[in-house]
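Here is a short report on how one helix sits within its surroundings. Have the model open beside you as you read.

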Amino acid sequence: MMPQHHLPADIERTSMKIITGELAQRGLDIPPENAPVVKRVIHTTADFDYAQTLHFTPGAVAAGIAAMHAGATIITDTNMALAGITKPGLALCFMADPAVAAAAKQAGTTRAVAAMHKAAAEYPGAVLAVGNAPTALLTIAEKIENGLRPALVIGVPVGFVNVVESKERLFAVC
């Protein structure tokens, strides 16, 4: 079988058309402001369940776009996510920071918790992207309860321990 397209832009455009058609066929109506994010996640994962399981607080996508236009720093809890951010200098991950490791050890907690404490102190208006540790998301929720106002929080921690609870807590405080 010969590939239909060879250029990345053609492949992406065709993929998005397929996703849009499949969403319509399933009767899924995504709010227009969230649709580009939902479609990108589906494109990345090939999992249409995300059309129903991704949750957004009102105005989250607009806040994220505004933050990016304003040059906000992105703080993530995983070096893998850091590697996927294409703008050098725009993003940071404190997980391998020796001071974070020392702070976590001294406090008897995880590096993810210590990293989010550092992020909140040094970059209070950052975009916080949690793609690994539920403890990072729980810490962000606690910080928000105590007055932190990040530009945006993206919460997609992994695993089965404290994952649902961390997302529910984040939504409760937002």
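In what follows, a residue is called buried when its relative accessible area is under 20%. In this predicted model, the buried residues of α7 are Ala112, Val113, Ala114, Ala115, Met116, Ala119 and Ala120. Their cover includes β1 (74-76), α6, β3 and α8.

**The core around α7**

The largest nonpolar core holds 23 residues, and Ile75, Leu128, Ile140 and Val153 have the most contacts inside it. Four elements give two or more residues to this core, as listed here.

| Element | Residues |
|---|---|
| α6 | 98-107 |
| α7 | 111-122 |
| β3 | 127-130 |
| α8 | 134-145 |

Of these, α7 gives the most, with 6 residues. Leaving aside residues up to four places away in sequence, Ile75 touches Leu92, Phe94, Met116, Ala119, Tyr123, Ala126, Val127, Leu128 and Ala129.

**A length check**

Does the length of α7 agree or disagree with the expected span? At 1.5 Å a residue, its 12 residues should span 16 Å, and the end C-alpha atoms are 16 Å apart, so the two agree.

**Packing against α8**

Two packed helices are described by the angle between their axes and the distance between the axes. For α7 and α8, the angle is about 35° and the axes are 8 Å apart. The crossing of α7 past α8 is right-handed. On the α7 side, Ala112, Val113, Met116, His117 and Ala120 make the contact, meeting Thr135, Ala136, Thr139, Ile140 and Lys143 of α8. Sorted by class, this contact has 6 nonpolar, 3 polar and 1 charged residues.

Technical notes:
Residues are numbered from 1 along each chain as its sequence is written. This is a predicted model: local features need pLDDT of at least 70, side-chain atom pairs count only at pLDDT 80 or more; totals for chains, interfaces and linings use all residues. Side-chain values use heavy atoms; hydrogens and water are left out. A nonpolar core is a set of buried Ala, Val, Leu, Ile, Met, Phe, Trp, Tyr and Cys residues joined through side-chain atoms within 4.5 Å. Buried means under 20% relative accessible area, exposed over 50%, partly exposed in between (1.4 Å probe, protein chains only). Contact means heavy atoms within 4.5 Å. The expected span of a helix is 1.5 Å times one less than its number of residues. Axes are lines fitted to C-alpha atoms, for helices over the stretch in contact, and angles run from 0 to 180 degrees between N-to-C directions. A crossing is left-handed if the near helix is turned anticlockwise from the far one by less than a right angle, and right-handed if clockwise. Ala, Val, Leu, Ile, Met, Phe, Trp, Tyr, Cys and Pro count as nonpolar, Asp, Glu, Lys and Arg as charged, and the others, Gly among them, as polar.
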